[in-house]
Amino acid sequence: MGRTLTRIVLVALVAVAATATASTARAQGLRRFAIVAGNDTGGGETRALLYASADARKVYDILTRLGGVRPEDATLLTGATASQLLAALVAVEQQAAAAKQRGERTALFFYYSGHAKDGSLRMGETRIPIDGIKARIAASPIDVRSAILDSCKSGAMSGALATRTKGARRAPAFEIQADGPRDAKGVVILTSSTSDEDSQESDAIGGSYFSHHLASGLLGGADKSGDGRVTLFEAYAYAYDRTVADTAESAAGAQHPTFSYDLAGNGDLVLTDVAVRHEGVYFPREAPSGVYFLVDGKGFVAAEISKADGVDRRVALAPGHYRVKRRLPDRLRVGDIDVPRGQMVALAEGYLRDAPFSDDPVKGAARVDLTSRWSLGAGATYQSVFAAPSGASLFPPTGMLAVDLSLRNFLRRDWVWSLDIAAGSANGYVNTVGAPFKFSEMSLASSLMVEWPGRVVTPYVGGRLAMLLMGRTFTDESAMYPAQFFSTLSPGLVGGAAFRIMKNTSLVARGRLHYLLYNIDEDRSLGYWELAGMVSYDL
Amino acid sequence: MTSKRFLPLPLAGEGRGEGKPLAAAFVFLVLFTGACGNYSNEDLEFMNAVPAREDLAANMPHSMILPANEAELSRETHDVIRAFNGALDFLDAADVIRTFQPTTRVPNGRIWGPWPMNDHAGWEWRFRMTRDSATAEMFKYWFEVRPIGTGDDSWNLFIDGWFVPTGGGARRGMGFFHMQADDLRAGGFPILPDADQNIFSDLKVMYSTAAFPVSVTMTLVLYPKGDFTNTATIVFHYEQQENGQGAMEFSGTNAASGASLSITSRWLASGAGRAEAVGQNAAGETATWTECWNDQFVSVYNSNPFETPPVTTGDPALCPDISTL
């Protein structure tokens, strides 16, 4: 399910609780800044990631919604270059310096998700040395800096604090108390894996394991203390447990997040205040224990909550409709719940019903393989111009045999690039001169489509550019007309749906609408439609 | 390959893209990246208007091998048919029009050429056609020649004609063409005499292929023996039914002597036929010669008053009934 990926998440979050009892969001005199960045591409020798940018958006949303970061103090960078990232860091430092001059304490939450290789963060075609970003964060004048790095071998980032290894550790055993947090200063770094491990994404959860569980923890799943606030250590402990558990059986091997810090003063770092908006789902104490999946309308897991017996949990979900799933050994428990704005909805077990595993609402789980893959299709098409009958006397309705070769998830996730070739013939008749003819056509085309994979049905739409080669010979030899031909480029739209009938085999129903410029007698804008039925096999 | 973008003439639809730069840009892109060919229904309509020799040529069945004792008027009929068809030989050149796509396409018009004339070195030809959509789809055409290297005002008209298609098949309709040589000859275009040293002057052909019987009326004017002070006018009228029955009327007048000869021949698809030849001398005296032949082209009845003494052989009851023509 999960895949090895090269990913870096660098979270710099400074969340020094103003008091042990006051929430982070309500902290007095603490100005929070956030730089949240994600980049799916890492330039040469890397393959595009699927969820780096999505994870960044998710974290950005949580920080601005629950983390006490004002929108004007938060910067979201997706697909940014190294220079843009550094520029954002410089800008935040300037803002923080101004805040400090006003007597405010400052905190920075820095998150980056993307490729890392050979000691550098890969941001598209640009790079930034990990040592450089570490040094920059370490030297920043901001009072408290926190960073999360989610990438293969990202534990090397923790090692950057080896010069001051206080607190550097690999296990989630924290003993920091929430006393005297006002004086807390320093750097905290979380990484998604150790220096010799790969970090992995999961198509089932639609994100990286680490960031997914971190986000779920920040939404409330990690609030072990039950006080409605999620501290850095709680979030890390939750993400660590869940990430290790989910990746233990993966082909890439278990992934162990790391934690290191260099803090002066005591204090816990509260990251999110689950209660501040008082909206989401409340799991009462008496609710059965287990892992609850809260699935959004697109079929992706918005939060994954591990609930223990005898404790309650608040999950600060955004308003919306969710499906709730709890997995039992022999079945699922599934139900629907609506989260109104400003309300915390209690989840009663009575909301849930038994369901077979085949009704798993997590559509992402159906995405068996989102790696780039080829598929080969063959079938028959029927094509007809709109401008009948005059158009038909030029280009008669034609049946064709078609073959196409498609490449999925190569350019982008759920994008399909396809090459197709089709050939066919038909009999036609030019009424004005009473000339019967034999029409033949070959088309060579390339399509770029977006599809929405489903368990059984996968609809898709896209654009297509075809080179049409058409010709005709006149069957009445006494007419002595020469053979005629015509070639043109024809742009069009394509849409259809694939119906999976076996693991690697689908039936495809497809329609096309094309523009056809005919310019021999005169410039005429013709159009034609095409319907096709095909069988597609995933190679 | 012909491409309209190289034509010096206005293109169909030119200027319609004004104010639509994106559309124009796309059309431009398509034109320069792929759209090309000769795929045209209108070309076919123009080609269809050009007469074909095989449509107009006379055809008497089973005439490939003729007996030595062929009936005399049958032999005359065959000679007339050969002369008639020979006058249409130039139409073989028209097949070029149907075999090649036009050089230039303009709205309601096509041009083939100019191309050098293979059999007249130093000369070139062009064939222009127009379609007058206002007059029942009448196609008009002009075949012109000029010395190579001369200007547009040097074109000499050789043939002009028209055709109105009626549908129902290739080249079905009514047409006319006029071939005139006197001005060409005066312009230096070489026109050689035929085997009998007659020199061609003028040819008019009116024809109908709209339905059976196909009919062709040809008026041929020659300078006999190269004598430009004298003309011989020969009128042919040919009809043919779908089943192979045919008829040929031939009349010739010598302008100098005033004598004339008219032969009317009819035949069945089997080849059997009959003919009447009416002669008139300079004094205005006429006589009619009737002869019938069987499907071997051997005389079965002959009544010839031109012989001295007049000859009558055979049985008139053996003459075939060819009343449909």
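Student: How do I read the share of contacts in chain B that comes from residues 24 or more positions apart?

Tutor: Take the contacts in chain B with a separation of 6 or more, and ask what part of them joins residues 24 or more positions apart; in this predicted model that part is 47%. For chain A the corresponding figure is 71%.

Student: Which helices and strands go with those figures? How many are there in chain B, and how many in chain A?

Tutor: Chain B has six helices and 16 strands. In chain A you'll count seven helices and 30 strands.

Student: And burial? What percentage of each chain is buried?

Tutor: Here you need one cut-off: a residue is called buried when its relative accessible area is under 20%. By that rule, 46% of the 325 residues in chain B are buried, and in chain A it's 56% of 539 residues.

Student: What about the accessible surface of each chain?

Tutor: Look at the total, then at the part that belongs to carbon and sulfur atoms. Chain B exposes about 15,500 Å², with 56% from carbon and sulfur. Chain A comes to about 21,200 Å², and carbon and sulfur again supply 56%.

Student: Now the interior. How many residues are in the largest nonpolar core, and which touch the most other members?

Tutor: The general idea is that nonpolar side chains in soluble globular proteins tend to be buried together. In this case the largest core holds 80 residues, and Phe395(A) and Phe177(B) touch the most other members. Its largest share, five residues, comes from helix H4 of chain B, residues 72–87. Apart from that core there is another, of 52 residues, including Leu218(A), Phe233(A), Ala235(A) and Leu271(A).

Student: What does Phe395(A) contact, if I skip its neighbours within four places in sequence?

Tutor: From chain A, the partners are Val385(A), Phe439(A), Met470(A), Phe486(A), Leu516(A), Tyr518(A) and Leu526(A). Chain B adds Tyr39(B), so keep both chains on screen when you inspect Phe395(A).Student: Phe395(A) also turns up next to a cavity, I think. How many cavities does a search of the whole structure find?

Tutor: Three, counting those of 30 Å³ or more. The largest has a volume of about 60 Å³. Its lining has 13 residues, and Phe395(A) is among those nearest the centre, along with Gln383(A), Val385(A), Pro396(A) and Glu441(A).

Student: Which elements give two or more residues to that lining?

Tutor: Three strands of chain A: S23 (373–385), S26 (435–451) and S27 (457–474). S23(A) gives the most, with three residues. By residue type, the lining of this cavity splits into nine nonpolar, three polar and one charged.

Student: Let's go to a single residue in chain B. Is Phe127(B) buried or exposed?

Tutor: For a case like this, check the element, then the accessible area, then the partners. Phe127(B) sits in strand S4 of chain B, residues 123–132. Phe127(B) counts as buried because its relative accessible area is 6%. Beyond four places in sequence, Phe127(B) touches Val50(B), Ile97(B), Arg110(B), Ile111(B), Trp112(B), Tyr141(B), Trp142(B) and Phe143(B).

Student: How far apart are Phe127(B) and Trp115(B)?

Tutor: They're twelve residues apart in sequence, and their C-alpha atoms are 9.5 Å apart in space.

Student: On to the backbone. Which peptide bonds are cis?

Tutor: Look at omega. The bond joining Phe212(B) and Pro213(B) is cis, with omega about 0 degrees, and Pro213(B) falls in the loop between strands S8 (199–208) and S9 (214–223) of chain B. The bond from Thr308(B) to Pro309(B) is cis too, with omega near -5 degrees. Pro309(B) belongs to the loop between strands S15 (299–304) and S16 (311–314) of chain B.

Student: And phi? Where in chain B do Gln197(B) and Phe297(B) lie?

Tutor: Both are worth a look for a positive phi in a residue that isn't glycine. Gln197(B) has phi near 65 degrees and is found in the loop between helix H6 (182–186) and S8 of chain B. Phe297(B) has a phi of about 65 degrees and lies in the loop between strand S14 (286–293) and S15 of chain B.

Student: Why is Gln197(B) called partly exposed, and why is Phe297(B) called buried?

Tutor: Gln197(B) is partly exposed because its relative accessible area is 43%. Phe297(B) has a relative accessible area of 2%, so it counts as buried.

Notes. Residues numbered from 1 in each chain as written. Chains lettered and ligands numbered in written order. Predicted model: local features only at pLDDT ≥ 70, side-chain atom pairs only at ≥ 80, totals over all residues. Heavy atoms only, no water. 1 Å grid on protein atoms, 1.4 Å probe; cavity = no way out; pocket = protein on both sides within 12 Å on 5 of 7 lines; lining within 4 Å. Points joined across faces, edges and corners; volume = space filled by probe spheres on them. Helix = DSSP H or I, 4+ residues; strand = E, 2+ residues; numbered from the N terminus. Nonpolar A, V, L, I, M, F, W, Y, C, P; charged D, E, K, R; others polar. Buried < 20%, exposed > 50% of the residue type's maximum accessible area, 1.4 Å probe, protein only. Contact = heavy atoms within 4.5 Å. Areas by Shrake-Rupley, 256 points an atom, 1.4 Å probe, with all protein chains shown as cover. Core = buried A, V, L, I, M, F, W, Y, C linked by side-chain atoms within 4.5 Å.
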